[in-house]
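Have a look at the sequence and the model below. Then let's walk through some of what can be read from it.

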Amino acid sequence: MSTVDQAGADVIGFLVRRVAAMIVLLVVISFVTFALFQVGPADPAAAACGQECTPERIDQARIALGMDKPFFVHYLDYLSGFVHSRMIGAPGALTVCAWPCLGKSFQTNEAVTDVLARALPYTVSIAVGAILLWTVAGVSLGLLAALRKGRAADKLIVGAASGGVSLPIPVTGLLLLLVFVSTLHLLPFTSNEISSPFGPAGPLGWFGNYLLPWVALALLFSAQYIRITRTAMLETFGEDFMRTARAMGLPRRRVVFKHGVRAGITPIVTMLGLDIGSLLGGAVLTEQIFSVPGVGFTAVHAAQSGDLPVTMAVTMMAAFFIIVANVVVDLCYAVIDPRVRV
Amino acid sequence: MSATETLLAVRDLRVAFPTDDGVVHAVNGMDLTLGKGETIGLVGESGSGKTVTSQALLGLFKGTPATVTGEIVLDGTDLNTLSESAMLAYRGKKISMIFQDPLSAMHPFYPVGSQIAEVYRTHNRVSRKAAAEVAVDMLGRVGIPDPRRRAAGYPHEFSGGMRQRAMIAMALVCEPELLVADEPTTALDVTVQAQILDLIGELQAETGTAVIMVTHDLGVVAQVCHRVAVMYGGMCMEVASVDDLFAAPGHPYTQGLLASMPSLAEETGRLRPIPGFPPALLDLPAGCLFADRCPRASSVADDRCRTELPLLSGAGHLSRCHLGGLGEAA
């Protein structure tokens with residue numbers, strides 16, 4: 001049996017194990033979220049029944065939402081939606097919730113999958129640009145700082161990074177809006193009509209719409225990437241194999257960019273993977289500040305109004321992305337570092 | 001000195017590192033000459049400046065805060081005057097180096113063959129494919145079995161001895177005139193040590209490469225070197241042919257060093273270390289660096305050992321001692 005076949009079998013075995021672990025983890029997370037919701041202060045039934053709530057109407061609402069059932073029955077009902085479609089609603093007014101059923105919003109009675117499908121493109125739009133911007137800026141500035149260690153450029157970059165880390169999104173976001181939108185009128189206020197570069201607004205409209213959220217996120221995150229890149233590269237520059245590469249007459253460019261970056265990139269990949277995962281779960285503050293109706297925005301409103309199915313769905317989706325990102329990071333390790341066998 | 005043509009002449013080499021505590025003088029006036037194809041041992045304790053000297057020979061301190069002064073003349077060119085970019089043509093091509101720990105000295109993420117090929121391609125205008133062939137051939141020459149398959153392997157997949165063989169293949173792939181071997185067998189099993197030393201000797205006989213064997217192991221010196229330079233406090237204390245040095249060590253430090261070696265032939269079971277500690281390199285004394293530990297310093301008139309640095313002198317067998325005369329072994 002060739003080593004390639006063996007490696008392929010290893011990867012499949014690894015994926016099977018990780019997917020099984022992921023399912024277990026998601027069930028645990030769903031249970032905890034579900035349980036936490038029961039003890040929370042919000043009463044979904046009171047929120048759902050509208051303006052004039054008599055005790056009878058609250059009870060009816062409670063039945064319609066399924067909250068009259070014992071905790072475990074309610075929870076298992078919820079889980080069953082992941083396996084097959086189910087019926088939801090008050091007795092006599094049951095509607096079908098097609099598979100995969102994550103329930104229907106307590107607020108709007110809309111299928112939660114539709115709510116997510118509507119919110120996700122906004123969040124992806126924010127994530128794609130921000131990640132690209134902060135990775136390029138963070139890694140290149142971090143590398144530059146490492147190459148100029150102790151010199152003026154290094155001190156300037158490290159200083160700026162320390163500043164950047166301590167800039168919270170609400171501050172940078174509002175400042176950006178104040179300067180570039182309200183004062184200079186260079187950019188429009190973010191529109192919730194634009195959720196993709198392929199829409200009617202076109203790529204440029206999309207770009208202009210999301211530029212400020214990208215910059216706000218990138219200011220915060222690139223600071224962290226500068227620090228981690230600088231540290232990783234300085235550590236790599238001290239490695240014996242870097243001295244060997246020099247001793248063999250390899251030009252500095254090759255020593256730094258081929259031998260150095262390849263070896264120092266591992267912690268950056270780890271951080272990037274986890275950041276992508278968590279950002280896809282919703283950029284809560286950024287979406288609030290810029291009024292982008294993405295996943296984070298949806299999550300905040302669902303939690304405030306006691307909308308259990310939507311809150312559950314957003315939590316599970318965020319967990320899903322983070323877990324998948326972890327698996328992808330581990331797979332990347334195996335590609336980067338031949339000593340890692342998945 | 002033998003009649004062969006001189007390959008390398010190091011004169012008054014000094015290397016100093018600025019630190020927060022002051023300037024550390026790691027090498028303090030090192031003189032060394034080496035003929036073509038010759039093997040010289042550079043021995044000394046830890047901190048005697050062996051490794052710093054060897055790295056300075058390749059110009060590895062260029063572009064660092066360390067200051068390197070003196071001459072390093074290789075084939076008529078003073079390497080110490082060259083810029084970093086001019087030095088690139090020498091490193092790996094005319095002067096190459098192998099290291100103590102071949103696992104950390106090779107890149108963990110690239111196959112061994114491609115690392116060797118990369119060095120070859122850096123100094124020769126050949127295709128990737130041709131360089132890969134050269135690498136496979138070189139791995140075969142250093143005694144790695146099934147070199148074509150092993151070339152695709154990574155350093156961590158090699159045993160310690162095989163790894164050092166691969167490192168030697170990388171260092172010698174461009175057939176340099178001088179190989180600096182910095183403790184190449186220290187990290188290896190004793191049986192593997194002998195194989196690696198034999199291999200270096202064989203390749204040297206084939207290619208005529210001169211070798212500077214940096215080691216703290218006098219056994220290694222006895223096995224492979226023609227001449228030996230004993231280092232202490234960043235300078236040479238004694239330079240002699242291996243036979244002369246072992247038969248009639250001239251410098252009290254060398255005598256102490258040889259006496260401290262455990263011997264199987266002797267009955268007395270105790271080690272005889274040299275009392276005291278190596279000199280502090282932050283603040284060098286005015287006189288002989290060994291004076292404080294020297295059993296015979298008090299026998300020299302006018303306290304010269306503590307006030308005046310002795311010169312490296314003699315004919316063929318050089319010694320840096322005010323007592324001068326050779327064959328005065330205690």
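What follows covers a sheet, an interface and some record entries.

This is a predicted model, so local features need pLDDT of at least 70 and side-chain atom pairs count only at pLDDT 80 or more, while totals for chains, interfaces and linings use all residues. Residues are numbered from 1 along each chain as its sequence is written, and chains are lettered from A and ligands numbered from 1 in the order in which they are written.

Start with chain B. Four of its strands make an open, antiparallel sheet, ordered S2-S1-S4-S5. Strands here are DSSP runs of E with at least two residues, and helices are runs of H or I with at least four, numbered from the N terminus. Two strands pair if DSSP finds at least two bridges between them. At the edges sit S2 (22–35) and S5 (77–78) of chain B, each pairing on one side only. S4(B), residues 67–74, pairs with S5(B) over two bridges, and Leu74(B) has Thr77(B) as its bridge partner.

Now, how many residues of chain B are in contact with chain A? There are 23, and they meet 18 residues of chain A (contact: C-beta atoms, placed from the backbone, within 7 Å). H4(B) gives the largest share of chain B's side, three residues.

Finally, the unreviewed UniProt entry lists several transmembrane regions in chain A, including these two; such annotations may be inferred rather than shown by experiment.

| Span (chain A) | Helix | Strand | End C-alpha distance |
|---|---|---|---|
| 156–187 | 78% | 0% | 29 Å |
| 268–290 | 83% | 0% | 28 Å |

Definitions and conventions: Contact = placed C-beta atoms within 7 Å.
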